[in-house]
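Trainee: Please take me through one part of this model in close detail. I would like to look at a strand and the loops beside it, and then at what lies beyond.

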Amino acid sequence: MPRFSHLLALLVLPFTVPLPGQAQGLPSTGTWMIVGNLAVPNLTGTWVMVADKSDFGPMPAPKARTDVVDHREPNFTIKRTVTGPDGTPAAVDLKYSVDGKSYTNTTPQGEIKSTLKWDGMVLVVASVVSTPNGDADVTDRFSLSDDGKTMTQLRTIAAQGQEFKQTIVMIKQ
């Protein structure tokens, strides 16, 4: 009988499963995935920016932003739609894998080279963005609220000898 329970654990753990929070030290709600011996949040969903809770630092805030995230560990994709401050819409599809390897996405604004990894229950995306004015280093830290309904993106941008931070708050639809 013990062998059967070990086999069952091996078959079930690689898939997305809700885990009881008190038993695992995790929030009691939300969906979690097991990666190796680490439980990480599943960020899948449609996320809409909450402008009045977000802070874009010295950059103008977009009028709207929606991220449709498909997170099937280790694969991670974002279909992002942004309405700029001037009302101009833009869309981009970003494809990654959370494995520490470099992934390149081409956008209308330029090329983005990124690596993704977990820092506990925070997804860290370290990117180099090629722009006409030179490269910018961008680090995004995505975290999920305990109830699984709010995703916060803490962004640090370093370019041309300057650094600034942004906080983007998104609500799950």
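Mentor: Start with a definition: helices and strands here are DSSP runs, with at least four residues for a helix and at least two for a strand, numbered from the N terminus. Keep in mind that this is a predicted model.

Let us take strand β4, which spans residues 64-72. His 71 belongs to this strand. Its relative accessible area is 1%, so His 71 is buried, as that term means under 20%. The side chain of His 71 reaches the backbone nitrogen of Leu 43 at 3.1 Å. Leu 43 is also one of the residues that His 71 touches, once residues up to four places away in sequence are set aside. The others are Met 33, Pro 41, Asn 42, Thr 44, Phe 76 and Trp 118.

Now the loop before the strand. Ala 61 sits in the loop between β3 (45-49) and β4. Its relative accessibility is 41%, so Ala 61 counts as partly exposed. Leaving out neighbours within four places in sequence, Ala 61 contacts Phe 56 and Pro 85. Compare sequence and space: Thr 83 is 22 residues from Ala 61 along the chain, yet their C-alpha atoms are 9.6 Å apart.

Next, the loop on the other side. Pro 74 lies between β4 and β5. The peptide bond from Glu 73 to Pro 74 is cis, with omega near 10°.

From there, go on to β5 (75-83). This strand gives two or more residues to the lining of the largest pocket. That pocket has a volume of about 1400 Å³. It is lined by 49 residues, and the closest to its centre are Met 59, Gln 109, Val 129, Arg 155 and Ile 157. The lining divides into 28 nonpolar, 15 polar and six charged residues. Among the other elements that give two or more residues to it are β11 (150-159) and β12 (162-172).

Gln 160 is in the loop between β11 and β12. Its relative accessible area is 62%, so Gln 160 is exposed. Its phi is near 50°, a positive value in a residue other than glycine.

How far can you trust the picture? The chain averages a pLDDT of 84, and 83% of residues score at least 70. Over residues 1-24, however, the pLDDT is below 50. Among the elements, β3 has the highest mean, 98, and helix α1 (residues 2-12) the lowest, 35. Where pLDDT is low, the predicted coordinates should not be read in detail.

Note on methods
Residues numbered from 1 in each chain as written. Predicted model: local features only at pLDDT ≥ 70, side-chain atom pairs only at ≥ 80, totals over all residues. Heavy atoms only, no water. Buried < 20%, exposed > 50% of the residue type's maximum accessible area, 1.4 Å probe, protein only. Contact = heavy atoms within 4.5 Å. pLDDT = per-residue confidence, 0-100. Polar contact = N/O pair within 3.5 Å; in protein donor to acceptor, adjacent residues only side chain to side chain. 1 Å grid on protein atoms, 1.4 Å probe; cavity = no way out; pocket = protein on both sides within 12 Å on 5 of 7 lines; lining within 4 Å. Points joined across faces, edges and corners; volume = space filled by probe spheres on them. Nonpolar A, V, L, I, M, F, W, Y, C, P; charged D, E, K, R; others polar.
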